[in-house]
Amino acid sequence: MKETKYPRTFSHIGITVPDINKALEFYTEVMGWYHIMGPAKVAKEKGTAIGQMCIDVLGEDWEEFEIVHLSTSDGIGVELFSFPHGKKEAPEFNPFNTGLFHFCVQDPDIEGLTNKIVEYGGKQRMPIREYYPGEKPYKMVYVEDPFGIVFEIYTHSYELTYSSGAYQNED
């Protein structure tokens, strides 16, 4: 039997935050993501499907955590986790090591979203830059949420941005 190759879709991302309610406010008010479920407490218990699944993933060194489920306008899920005994300070930004570097959202009003992120306690990590200055209106910027989680904003789709050859030599 021949294997069929096709691109898988992106389902969701999980983000650990220090305060589930502040994170819920930030991601619904600033990012506009839909609030689907929670906050809910998940307990370490082998008698429930969710409890057993979390034991499988997290191991035995926890008792409970809180979770919120959100969704972007294009149906990508965002799970927010808050663990009572986890580190509460921002993670060290080190993109040179193996691991998740960032995620990216898309908004044609990059300036407006960046300003709103800063207004709600986040940071702008760099100036807003154009991929094709004077030629095309594609822009990007790196920002942080109020908890130090780094992400990127594009004005246009990933496919549009890179199908135009953002890294081509200009000989």
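In which sense do S1 and strand S4 pair, and over how many bridges? Keep that in mind while you get set up.

**Before you click**

This is a predicted model, where local features need pLDDT of at least 70 and side-chain atom pairs count only at pLDDT 80 or more, while totals for chains, interfaces and linings use all residues. Residues are numbered from 1 along each chain as its sequence is written, and side-chain values use heavy atoms, with hydrogens and water left out.

**The whole chain**

Start with everything in cartoon. The protein chain has four helices and nine strands; helices (H or I, at least four residues) and strands (E, at least two) are DSSP runs, numbered from the N terminus. Read from that end, the elements go β-α-β-α-β-β-β-α-β-β-β-β-α. The C-alpha atoms fill a box of roughly 65 × 55 × 30 Å along the principal axes.

Now colour by accessibility. Of the 171 residues, 32% are buried, where buried means under 20% relative accessible area, exposed over 50% and partly exposed in between (1.4 Å probe, protein chains only). Contacts here are heavy atoms within 4.5 Å, and residues 24 or more positions apart make up 56% of the contacts with a separation of 6 or more.

**Stop 1: the four-stranded sheet**

Select S1, S2, S3 and S4. They form an open sheet in the order S1-S4-S3-S2, with mixed pairing. Strand S1 (12-16) and strand S2 (34-43) are at the edges with a single partner strand each, so one side of each has no neighbour in the sheet. Ignoring direction, neighbouring strands are turned by 20 degrees against each other on average.

Back to the opening question: S1 and S4 (residues 77-82) run parallel, over five bridges. Two strands count as paired if DSSP finds at least two bridges between them. Put a label on Ile15, which stands opposite Leu80 in S4.

Next, add H1. This helix packs on the sheet and touches S1, S2, strand S3 (64-71) and S4; the direction of H1 makes about 5 degrees with that of S3. For such angles, axes are lines fitted to C-alpha atoms, for helices over the stretch in contact, and the values run from 0 to 180 degrees between N-to-C directions.

**Stop 2: helix H2**

Show side chains on H2 (residues 49-58). Which of its residues are buried? Gly51, Cys54 and Ile55 are. They span an arc of only 105 degrees around the axis, which puts them on the same side of H2; the arc is that of the directions from the helix axis to the C-beta atoms. S2 and S3 are among what covers these buried residues. Rotate to the face turned away, and you'll find the exposed residues Ala49, Asp56 and Val57. Just after the helix comes Gly59, with a positive phi near 85 degrees.

**Stop 3: aromatic rings**

Pull up Phe, Tyr and Trp: the structure holds 14 aromatic pairs. Rings (the six-membered one for Trp) pair if their centres lie within 6.5 Å; planes under 30 degrees apart count as stacked, over 60 as edge-to-face and the rest as tilted. Try Tyr27 and Trp33: the ring centres are 5.1 Å apart and the planes at 10 degrees, so this pair is stacked. Tyr27 is buried at 0% relative accessibility, and Trp33 is buried too, at 9%.

Hop over to Trp62 and Phe65, whose centres are 5.4 Å apart with planes at 50 degrees, so that pair is tilted. Both residues are buried, and together with Phe81 and Phe83 they form one aromatic cluster.

**Stop 4: helix H3 and its surroundings**

Finally, select H3 (residues 110-119). Its buried residues are Ile110, Leu113, Thr114 and Ile117. They cover an arc of only 100 degrees, which places them on the same side of H3. They pack against helix H1 (20-29), strand S5 (103-106), strand S6 (123-124), strand S8 (139-144) and strand S9 (150-154). On the face turned away sit the exposed Asn115 and Glu119. Gly121 follows the helix, with a positive phi near 100 degrees.

Zoom in on Thr114, buried at 1% relative accessibility. Leaving out residues up to four places away in sequence, Thr114 touches Gln124, Ile128, Val141, Val143 and Ile153.

Last click: S5. Phe103 and Val105 point to one face and are buried, whereas Cys104 and Gln106 point to the other and are not. S5 pairs with S9 in the parallel sense over four bridges, and the bridge partner of Gln106 in S9 is Tyr154.
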